Amino acid sequence: QVQLVESGGGTVQVGGSLTLTCVASGPKPFIMAWFRQPPGNKRYLVAAKWTGAEYVLDTVKGRFTISRNHAKNTVTLEMDSLKSEDAAVYYCAARMGSGSYHDDFNYDYWGQGTDVIVSS
């Protein structure tokens, strides 16, 4: 069993930065990822990272950076130059095995979510 605890959400002005951190307790996941769910929309993948590779959503490339610390079993999402459309609930997700990573049903464990509010 893996528990995921997120932190770092909050309110930031357009153009500002936030860093989200997710700590996993238990076995080390193969893939760790960040999804987001804007108000009234479906949840979708923002970034994922596994050994030797990563995925980053096109609309956040160059602004968001995903990183993992395997020793601490954490995944971090650094978000810069935030835009109003980045506002959402952000979720940390973990997949224990290799394979597909793009859809939320591919993941085995989820954090509780953390709000990111971008004010203009």
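**Pairing, burial and side-chain links in a predicted model**

The side chain of T114 places a polar atom 3.3 Å from the backbone nitrogen of G9. This is a polar contact, a pair of N or O atoms within 3.5 Å; within protein, one must be able to donate a hydrogen and the other to accept it, and residues adjacent in sequence count only if both atoms are side-chain atoms. The structure is a predicted model: local features need pLDDT of at least 70, side-chain atom pairs count only at pLDDT 80 or more, and totals for chains, interfaces and linings use all residues. Residues are numbered from 1 along each chain as its sequence is written, and side-chain values use heavy atoms, with hydrogens and water left out.

T114 belongs to strand 11 (residues 114–119). Helices (H or I, at least four residues) and strands (E, at least two) are DSSP runs, numbered from the N terminus. The relative accessible area of T114 is 12%, so T114 is buried. Buried means under 20% relative accessible area, exposed over 50%, and partly exposed in between (1.4 Å probe, protein chains only). Leaving aside residues up to four places away in sequence, T114 touches E6, G9, L20, A88, V89 and Y90. Contact here means heavy atoms within 4.5 Å.

Y90 is found in strand 9. With a relative accessible area of 0%, Y90 is buried. Residues up to four places away in sequence are again not counted; among the contacts of Y90 are W34, F35, R36, V46, F64 and T114. The side chain of Y90 also makes a polar contact of 2.8 Å with the side chain of R36. R43 is 47 residues from Y90 in sequence, yet their C-alpha atoms are 8.9 Å apart in space.

Strand 9 also holds one end of a disulfide. The search covered the whole structure and found one such bond. A disulfide is a covalent bond between the sulfur atoms of two cysteines. The criterion is a pair of cysteine sulfur atoms within 2.5 Å. C22 and C92 meet it, with their sulfur atoms 2.1 Å apart. C22 lies in strand 3 (residues 18–25) and C92 in strand 9 (residues 88–95), so the disulfide ties together parts that are 70 residues apart in sequence. The torsion about the S-S bond is about -80°, so the disulfide is left-handed. Both C22 and C92 are buried.

Strand 4 (residues 31–37) is mostly covered, as six of its seven residues are buried. Strand 4 pairs with strand 9. The two run antiparallel and are joined by seven bridges. Strands count as paired if DSSP finds at least two bridges between them. M32 has A94 in strand 9 as its bridge partner. Strand 4 also pairs with strand 5 (residues 44–50), in the antiparallel sense, over five bridges. Here R36 stands opposite Y44. Strand 4 and strand 5 form a hairpin with six residues between them. In the turn, G40 has a positive phi of about 75°.

Charged side chains were examined next. Side chains of opposite charge can pair when their charged atoms come close. A salt bridge is a side-chain nitrogen of Lys or Arg within 4 Å of a carboxyl oxygen of Asp or Glu. By this rule the count is five. One salt bridge joins D104 and R43, with the closest N and O atoms 3.6 Å apart. D104 lies in the loop between strand 9 and strand 10 (109–110), and R43 in the loop between strand 4 and strand 5, so this pair ties together parts that are 61 residues apart in sequence. D104 is partly exposed, because its relative accessible area is 29%. R43 is partly exposed too, at 27%.

A salt bridge also links E54 and K49, at 2.6 Å from N to O. E54 has a relative accessible area of 42%, so E54 is partly exposed. K49 is partly exposed, at 21%. In another salt bridge, K61 meets D58 at 3.2 Å, N to O. K61 is exposed, with a relative accessible area of 51%. D58 is exposed as well, at 59%. Finally, R36, R63 and D86 are linked in a network of salt bridges. R36 thus appears in this network, in the polar contact with Y90 and opposite Y44 in strand 5.
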